[in-house]
Amino acid sequence: MASAPWKVSLHGGHSGDFCLHGGDTLEEMLDAAVAFGYTTFGVTAHSPRSDANFLYPEEIEAGYSPADLDRDFASYVSKCRELARKFEGRLEVLVGAEIEIVPESGYAKEMADLRNRHDLDYIVGSVHWVDEMPIDVTRELFDEAVNKRGGLEPFLVRYFNLVEEMVNDLQPEVVGHFDRPRLYTDNAPEFESASVVEAANSALQACKDAGCILDLNVSAIRKELEHPYPAPQIVAKAKELGIPFCFGDDSHRISAVGENLAEGREYLLGQGISEIKVLTRENGTISKKTVPLR
Ligand SMILES: [Zn+2]
Ligand SMILES: [Zn+2]
């Protein structure tokens, strides 16, 4: 597929060699990224968790400990750096992480330490846990987290409050799948309730203040949601606040590399957004660059 300047993903490249719920190797993912015509491909492996209470089901099944996650993450960083050099001239590869917000009391320091220790190019700030319960693993675990909060409306308020806190704590370059709870509740009327809209707007304001880029995450299309993350009303509010977007394919195997990116571009254009903000390596540092969608 032909290359185009807008073919950039800043969230994805979760690969089977470093992620137990991914398939294919990181090198195969990068080959697929070249084949798709990506100009820049940000790899954002899931961050390790230091507390065994926050292992994902497949990690528990594999007998993993937090030390194993640490070891895999360190191997990921060195392999990804090596591949970034190998692919130079064909594909710009950025070495990042998608962070976690558990434990709620200590994640901010842990994630800042992780970033410094590995000298990461950037981080994607994502909320996958509410009240320290995983919200995008299974419908059952999601429902449990919602019930613990006393219903979908208070749950969504808490979710967006956590996004806001995470943005303030970590100032991530990219905020991942801003309205992730749509995974199991697409188009739920609670998203339009006053308290939820207020919490979402407040989180967006924090993104604006921290200079974040929002992840236009097209994996929602693969999951058969009506729109990518975030939903049209949130895209409209972000546009009003002047918050930029960049694509994320959230790929976990080669079949998802670049998948639905063209649909994501159409979606933004349809919302009156005609440019994205990308990250690029310039003179040894990471800087932001505006790229037109047409
Ligand atoms: Zn994943
Ligand atoms: Zn995520």
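These exercises walk through the fold of one predicted protein model, each with a worked solution.

Residues are numbered from 1 along each chain as its sequence is written, and chains are lettered from A and ligands numbered from 1 in the order in which they are written. In this predicted model, local features need pLDDT of at least 70, side-chain atom pairs count only at pLDDT 80 or more, and totals for chains, interfaces and linings use all residues.

**Exercise 1. Overall build**

Task: State how many helices and strands the protein chain has, and judge its compactness.

Solution. Start with the count. The protein chain has 11 helices and 11 strands. These are DSSP runs, numbered from the N terminus: helices are H or I with at least four residues, strands are E with at least two. Next, take the radius of gyration, computed over C-alpha atoms. Its value is 18 Å, close to the 19 Å from the globule rule for 294 residues, so the chain is as compact as a globular protein of that length. The globule rule is 2.2 Å times the number of residues to the power 0.38. Finally, the box: along the principal axes, the C-alpha atoms fill roughly 50 × 50 × 30 Å.

**Exercise 2. The sheet**

Task: Give the strand order of the open sheet of 7 strands, then find its edges.

Solution. The order is 1-2-3-4-7-8-9, and the pairing is parallel. Strands pair if DSSP finds at least two bridges between them. Strand 1 (8-9) and strand 9 (245-248) each have a single partner strand, so one side of each lacks a neighbour in the sheet.

Now check individual pairs.

- Strand 3 (residues 92-99) runs parallel to strand 4 (residues 122-125) over 4 bridges. Isoleucine 99 faces glycine 125 of strand 4.
- Strand 4 pairs with strand 7 (residues 174-175) in the parallel sense, over 2 bridges. Here valine 124 is opposite valine 174 of strand 7.
- Strand 8 (residues 213-217) and strand 9 are joined in parallel by 4 bridges. Asparagine 217 has glycine 248 of strand 9 as its bridge partner.

**Exercise 3. A crossover**

Task: Which hand does the β-α-β unit of strand 3, helix 4 and strand 4 have?

Solution. Point the strands away from the viewer; a clockwise path from the first strand over the helix to the second is right-handed. The unit of strand 3, helix 4 (residues 107-118) and strand 4 is right-handed.

**Exercise 4. Two helix packings**

Task: Classify the packing of helix 6 against helix 5 and against helix 8.

Solution. Two packed helices are described by the angle between their axes and the distance between the axes. Axes are lines fitted to C-alpha atoms over the stretch in contact, and angles run from 0 to 180 degrees between N-to-C directions. Angles under 35 degrees count as roughly parallel, over 145 as roughly antiparallel, 65 to 115 as roughly perpendicular and the rest as oblique.

Helix 5 (residues 139-149) meets helix 6 (residues 152-170) at about 95 degrees, with axes 7 Å apart. Helix 5 is therefore roughly perpendicular to helix 6. Ala145, Val146 and Arg149 of helix 5 touch Leu152, Pro154, Phe155 and Arg158 of helix 6. Contact requires C-beta atoms, placed from the backbone, within 7 Å.

Helix 6 and helix 8 (residues 194-210) cross at roughly 10 degrees, their axes coming within 8 Å. They are therefore roughly parallel. Helix 6 residues in this contact include Leu156, Phe160 and Val167; those of helix 8 include Ala199, Ala203 and Cys207.

**Exercise 5. Unusual backbone**

Task: Locate the cis peptide bonds at proline 103 and proline 230.

Solution. Most peptide bonds are trans. The bond from valine 102 to proline 103 is cis, with omega near -10 degrees. Proline 103 sits in the loop between strand 3 and helix 4. The bond from tyrosine 229 to proline 230 is cis, with omega near -10 degrees. Proline 230 lies in the loop between helix 9 (219-222) and helix 10 (232-241).

Definitions and conventions:
Two residues are in contact if their C-beta atoms, placed from the backbone, lie within 7 Å.
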